[in-house]
Amino acid sequence: MLVEWDWWTVEFGDAHAGAVGVLIGGCEPGPVYFDVGSGPDIPSTSHWSAYDGRYRRPRAEALRAVCACGWRGAAEYPLEWDAVGDRPLYEADIDLTGPIADWNAHLSLVRDKAAPLPEPLAALLVEVAEQLTATTEDAPLAALRAVGVLERIAARVGREAAGVLAEDGVPAEVVATGLGTTRSKALMLLLTARDG
């Protein structure tokens with residue numbers, strides 16, 4: 001099922017994008033389809049707010065946090081339909097603090113398992129980001145040029161680091177955990193390093 005992600009972080013990108021998941025009868029339902037008349041394309045969505053029971057769509061019983069990596073929050077947050085009434089869910093004042101907090105707790109665990117950056121390198125990256133931001137305001141072309149240089153450095157060093165990991169036989173699962181990404185993305189990094 002295609003999920004429309006509500007949250008993401010710069011640190012983990014789409015590997016750990018988060019969303020509000022819907023439960024009906026304790027299971028995640030398929031997408032909701034919209035009847036727009038005749039035609040080959042039938043629009044659909046899996047956004048939680050579409051499961052409001054209107055227009056013969058399914059009615060969500062509970063919400064929970066979900067992550068692109070496959071993680072699902074254990075806590076379920078029942079919807080109070082007496083308070084929602086006949087309003088569409090996107091117009092109702094639904095409290096999403098529980099699912100957001102659960103997803104953030106999941107990200108904390110991912111972050112804790114990821115390979116720590118050496119402190120001098122972490123400080124240098126912060127300084128580079130600050131310098132780039134300041135340069136963007138004063139000299140946007142120079143900032144863009146610097147970004148190009150950084151991209152080339154990152155690509156070269158990334159290939160070298162992935163090559164060392166591949167030569168050492170480090171499994172894709174270990175690389176994925178260390179980077180806070182998915183196994184498939186880690187595998188692509190390792191395969192690219194071998195081909196590079």
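**Exercise 1. Place Leu-141 and state whether Leu-141 is buried or exposed.**

Leu-141 sits in helix H4. Helices (H or I, at least four residues) and strands (E, at least two) are DSSP runs, numbered from the N terminus. The model is predicted: local features need pLDDT of at least 70, side-chain atom pairs count only at pLDDT 80 or more, and totals for chains, interfaces and linings use all residues. Residues are numbered from 1 along each chain as its sequence is written, and side-chain values use heavy atoms, with hydrogens and water left out.

Next, the accessibility. Buried means under 20% relative accessible area, exposed over 50%, partly exposed in between (1.4 Å probe, protein chains only). Leu-141 has a relative accessible area of 70%, so Leu-141 is exposed.

Last, a distance. The C-alpha atoms of Leu-141 and Thr-45 are separated by 40 Å. Along the chain these two are 96 residues apart.

**Exercise 2. Work out the strand order of the open sheet.**

Start with the pairing rule: two strands pair if DSSP finds at least two bridges between them. E2 (residues 13–23) and E5 are antiparallel and joined by 6 bridges. In that pair, Val-20 has Ala-65 of E5 as its bridge partner. E5 (residues 62–67) also pairs with E6, antiparallel, over 2 bridges. Here Ala-62 stands opposite Pro-78 in E6.

The full order of the 4 strands is E1-E2-E5-E6, with antiparallel pairing. E1 (7–9) and E6 (77–78) are the edges; each has a single partner strand, so one side of each lacks a neighbour in the sheet.

**Exercise 3. Decide whether Thr-9, in strand E1, is buried or exposed.**

The relative accessibility of Thr-9 is 17%, so Thr-9 counts as buried. Now look for its contacts (heavy atoms within 4.5 Å). Beyond neighbours within four places in sequence, Thr-9 touches Trp-103 and Leu-107.

**Exercise 4. Follow strand E5 into the core.**

Count the cover: 6 of the 6 residues of E5 are buried. In a regular strand, side chains alternate between the two faces of the sheet. On one side of E5 lie Ala-62, Arg-64 and Val-66; on the other, Leu-63, Ala-65 and Cys-67. Both faces are covered.

Take Leu-63. Leaving out residues up to four places away in sequence, its contacts include Val-20, Trp-48, Tyr-77, Leu-79 and Ile-94.

A nonpolar core is a set of buried Ala, Val, Leu, Ile, Met, Phe, Trp, Tyr and Cys residues joined through side-chain atoms within 4.5 Å. The largest has 22 residues. Those with the most contacts inside it are Trp-48, Leu-63, Leu-79, Leu-89 and Ile-94. E2, E5, helix H1 (81–84) and H2 each give two or more residues to this core. Apart from it lies another core, of 6 residues, among them Ala-166 and Val-175.

**Exercise 5. Locate Leu-117 and say whether Leu-117 is buried or exposed.**

Leu-117 is found in the loop between helix H2 (97–113) and H3. Its relative accessible area is 52%, so Leu-117 is exposed.
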